[in-house]
Amino acid sequence: MSKHSKWSKIKNQKGVADAKKAAAFTKYIRAITVTARHGADPANNFQLRIALDAAKAAGVPKDTIDRALSRASGEGGTEELFEVTYEGFAPGKVAIIVEAVANNKNRALANVRHILEKNGGNLAQSGAVAWQFTRLGVIRLNIKKTDELELQMIDLGVEDIKEEDNGLTLNTKPENFQKVLDGLTKMKLKPDYQALEWVPKERVNVSDSEIREKLDTIYELLDEDDDVQNYFTNEE
């Protein structure tokens, strides 16, 4: 999201300070709770499998994960959660998509609007931004590319392979995402990262320092918001 490597950022977030862990864990728990509504068995619920893998990688305790699964199945009371997606523009003509899981849609909307407008951005109508992105499965592998490996990835259904930050980033259509991950497991390759993302068709380069500061503030505030699960931009 920022000038720094996205993959370095994800890695660093795993060592987040204790003061921020509770807030971070809330996001993972909500993701598990929402996805588990469609079945509590990750073998038959691909979205839950992704949510569980992300939570474990972030260090969420097993008993916390188990409680989230129990709540999703109706044990111990349930909290009504809503999945919502917002589209908007940040300074520098940067397009942004925000995914949230909230127990209060009005609060989530107000918070995202405030974060954007306070820092020179604005919310947009549904569809105003999404057309600039493609929904893809994104997988990060900490390995080098070889011709043989590339052919194997293509056979699995990988659409694009990028060499970046001393590793590989794989893009696949959502309908092939599970097949690719299952294939990697059989090849004994464990991803450092896996998620469904909104990937920009074209990217915008931001060089102005004032705009850069506003963008970094927006990203930081979105990271800190309990309701925001993910956000995606077309910034270079």
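The following paragraphs lead through a predicted model, from its confidence values to its strands, nonpolar cores and one helix pair.

The mean pLDDT of the protein is 86, and 88% of its residues reach 70 or more. Confidence is lower in parts of the N-terminal region. Over residues 1–5 the pLDDT stays under 50, although the model has 12 contacts for this stretch beyond four places in sequence. Residues 11–19 also have pLDDT below 50, and this stretch has 5 contacts in the model beyond near neighbours in sequence.

Strand 6, which spans residues 167–172, offers a starting point for the fold. It is mostly covered, with 6 of its 6 residues buried. Gly-167, Thr-169 and Asn-171 point one way from the strand, while Leu-168, Leu-170 and Thr-172 point the other way, and all are buried. Strand 6 has pairing partners in strands 4 and 5. Strand 4 (residues 133–141) runs antiparallel to strand 6 and is joined to it by 5 bridges; here Arg-140 stands opposite Thr-169. Strand 5 (residues 158–164) also pairs with strand 6 in the antiparallel sense, over 6 bridges, and in this pairing Ile-161 stands opposite Leu-170. Strands 5 and 6 form a hairpin with 2 residues between them, and Asp-165 in the turn has a positive phi of about 50°.

Attention now passes to the nonpolar cores. In soluble globular proteins, nonpolar side chains tend to be buried together. The largest nonpolar core of this model holds 19 residues, of which Tyr-86, Ile-96, Val-98, Ile-218, Leu-222 and Tyr-231 touch the most other members. At least two residues of this core come from each of strand 1 (82–90), strand 2 (94–102), helix 5 (105–118), helix 8 (209–224) and strand 8 (228–233). Strand 2 gives the most, with 5 residues. Leaving aside residues up to four places away in sequence, Tyr-86 touches Ile-96, Ile-97, Val-98, Ala-100, Lys-105, Ala-108, Leu-109, Val-112 and Leu-123. A second, separate core has 17 residues, including Phe-46, Ile-50, Leu-149 and Met-153.

Met-153 also takes part in a helix contact. Two packed helices are described by the angle between their axes and the distance between the axes. Helix 6 (residues 147–156) and helix 7 (residues 177–186) pack at an angle of about 140°, with their axes 9 Å apart. Helix 6 is therefore oblique to helix 7, because only angles over 145 degrees count as roughly antiparallel. Helix 6 makes the contact through Met-153, Asp-155 and Leu-156, and helix 7 through Lys-179, Val-180, Gly-183 and Leu-184.

Terms used. Residues are numbered from 1 along each chain as its sequence is written. This is a predicted model: local features need pLDDT of at least 70, side-chain atom pairs count only at pLDDT 80 or more; totals for chains, interfaces and linings use all residues. Side-chain values use heavy atoms; hydrogens and water are left out. Buried means under 20% relative accessible area, exposed over 50%, partly exposed in between (1.4 Å probe, protein chains only). Helices (H or I, at least four residues) and strands (E, at least two) are DSSP runs, numbered from the N terminus. Two strands pair if DSSP finds at least two bridges between them. A nonpolar core is a set of buried Ala, Val, Leu, Ile, Met, Phe, Trp, Tyr and Cys residues joined through side-chain atoms within 4.5 Å. Contact means heavy atoms within 4.5 Å. pLDDT is the predictor's confidence in each residue, from 0 to 100. Axes are lines fitted to C-alpha atoms, for helices over the stretch in contact, and angles run from 0 to 180 degrees between N-to-C directions. Angles under 35 degrees count as roughly parallel, over 145 as roughly antiparallel, 65 to 115 as roughly perpendicular and the rest as oblique.
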